[in-house]
Amino acid sequence: MDVKKIAVVVEDVDAARTALKWALINIIRHGDIITLLHVYNSNSNTRSRRSRSKARLLRLNGFRLALSFQDICNNYPNTKVEIIVTEGDQEGTKIAATVREIGASMLVVGLHDHSFLYKFAMAHSHINFNCRVLAIKQPHHGDTLSPMISTNLDFSQIDISNLQVPHTPSPKIRYRICPNPSAIIWRTRRS
């Protein structure tokens with residue numbers, strides 16, 4: 001059996017929790033590894049004591065959030081969970097780099113109005129995740145996620161890949177049999 005590594009973006013929004021629950025019901029198989037990935041933005045370039053304590057607090061809150069997502073995973077049997085909390089930007093370049101680094105075969109994202117996927121698609125068309133990206137929208141009508149039936153979700157799959165123009169060969173130059181018309185020798189009599 002082929003073990004897959006599936007990365008799930010951890011955000012403090014209901015769409016991210018819904019995406020994790022959907023993945024647990026529909027994608028995760030026995031032996032697969034779920035990597036809960038949280039990227040926080042500290043917005044500080046200085047090394048002052050205040051900025052270090054702010055970064056430490058953001059990292060701690062990220063771990064708490066990831067642990068709450070792990071509690072969701074613990075309700076499903078045979079799930080192996082890893083947690084990665086790291087500092088990065090809001091445009092998704094750190095998420096893309098981490099997904100490539102861990103070798104994930106799939107990235108599951110809760111799609112909402114302020115999702116990093118929108119910023120990532122606009123700003124970084126040359127960077128690729130190197131895996132399948134599944135974006136799951138939150139149900140609109142206050143529907144709850146049933147543990148057995150997941151038909152009330154608005155499912156979206158977003159494939160962010162580089163647009164590549166296929167290589168077209170240069171146009172063929174017609175081969176000229178006789179490049180110089182005056183070089184033609186005409187025979188006038190039969191041999």
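**Note on the predicted model: cores, salt bridges, cysteines**

1. The largest nonpolar core holds 21 residues, and Leu20, Ile27 and Val108 have the most contacts inside it. Six elements each supply at least two residues of this core: the helices α1 (14-26) and α2 (49-74), and the strands β1 (5-9), β2 (33-40), β4 (106-111) and β5 (132-137). The top contributor is α1, with six residues. The model is a predicted one, and every point below should be read that way.

2. Leu20 is among the core residues with the most contacts. Leaving out residues up to four places away in sequence, Leu20 touches Val8, Leu36, Phe69, Ile72 and Cys73. Val8 falls within β1 (5-9), Leu36 within β2 (33-40), and Phe69, Ile72 and Cys73 within α2 (49-74). In soluble globular proteins, nonpolar side chains tend to be buried together.

3. A separate core is also present. It has 19 residues, including Val9, Ile95, Ile102 and Val109.

4. Helix α1 deserves its own point. Its buried residues are Ala15, Ala16, Thr18, Ala19, Leu20, Trp22, Ala23 and Leu24. What span should the 13 residues of α1 cover? At 1.5 Å a residue, the expected value is 18 Å, and the end C-alpha atoms are 18 Å apart, so the two agree.

5. Four salt bridges are counted in the model. Asp12, Asp14 and Arg17 are linked in a network of them. Arg17 pairs with Asp12 at 3.0 Å, N to O. Arg17 also pairs with Asp14, at 3.9 Å, N to O. The cut-off is 4 Å, which the 3.9 Å pair meets.

6. Why are Arg17 and Asp14 about one helical turn apart? Both sit in α1, and they are three residues apart there. An α-helix has 3.6 residues a turn, so residues three or four places apart point the same way.

7. How exposed are the members of this network? Asp12 has 58% relative accessibility and counts as exposed. Asp14, at 52%, is exposed too. The limit for exposed is over 50%. Arg17 is partly exposed, at 22%.

8. Another of the salt bridges joins Arg29 and Asp32, with the closest N and O atoms 3.8 Å apart. Is the Asp32 end buried or exposed? Asp32 is buried, at 0% relative accessibility. Arg29 is partly exposed, with a relative accessible area of 38%. The pair thus links a buried acid to a partly exposed base.

9. How many disulfides does a search of the whole structure find? The result is zero. Cys73 is buried, with 0% relative accessible area. Cys131 is buried as well, at 15%. Cys73 is one of the residues that Leu20 touches.

10. Ile84 lies in strand β3, residues 80-87. Its relative accessibility is 22%, so Ile84 counts as partly exposed; buried would require under 20%. Outside the residues up to four places away in sequence, Ile84 touches Thr35, Leu36, Leu37, His38, Thr98 and Ile102. Leu36 is also touched by Leu20, and Ile102 belongs to the 19-residue core. Gly62 is 22 residues from Ile84 along the chain, yet their C-alpha atoms are separated by 9.2 Å.

Methods
Residues are numbered from 1 along each chain as its sequence is written. This is a predicted model: local features need pLDDT of at least 70, side-chain atom pairs count only at pLDDT 80 or more; totals for chains, interfaces and linings use all residues. Side-chain values use heavy atoms; hydrogens and water are left out. A nonpolar core is a set of buried Ala, Val, Leu, Ile, Met, Phe, Trp, Tyr and Cys residues joined through side-chain atoms within 4.5 Å. Buried means under 20% relative accessible area, exposed over 50%, partly exposed in between (1.4 Å probe, protein chains only). Helices (H or I, at least four residues) and strands (E, at least two) are DSSP runs, numbered from the N terminus. Contact means heavy atoms within 4.5 Å. A salt bridge is a side-chain nitrogen of Lys or Arg within 4 Å of a carboxyl oxygen of Asp or Glu. The expected span of a helix is 1.5 Å times one less than its number of residues. A disulfide is a pair of cysteine sulfur atoms within 2.5 Å.
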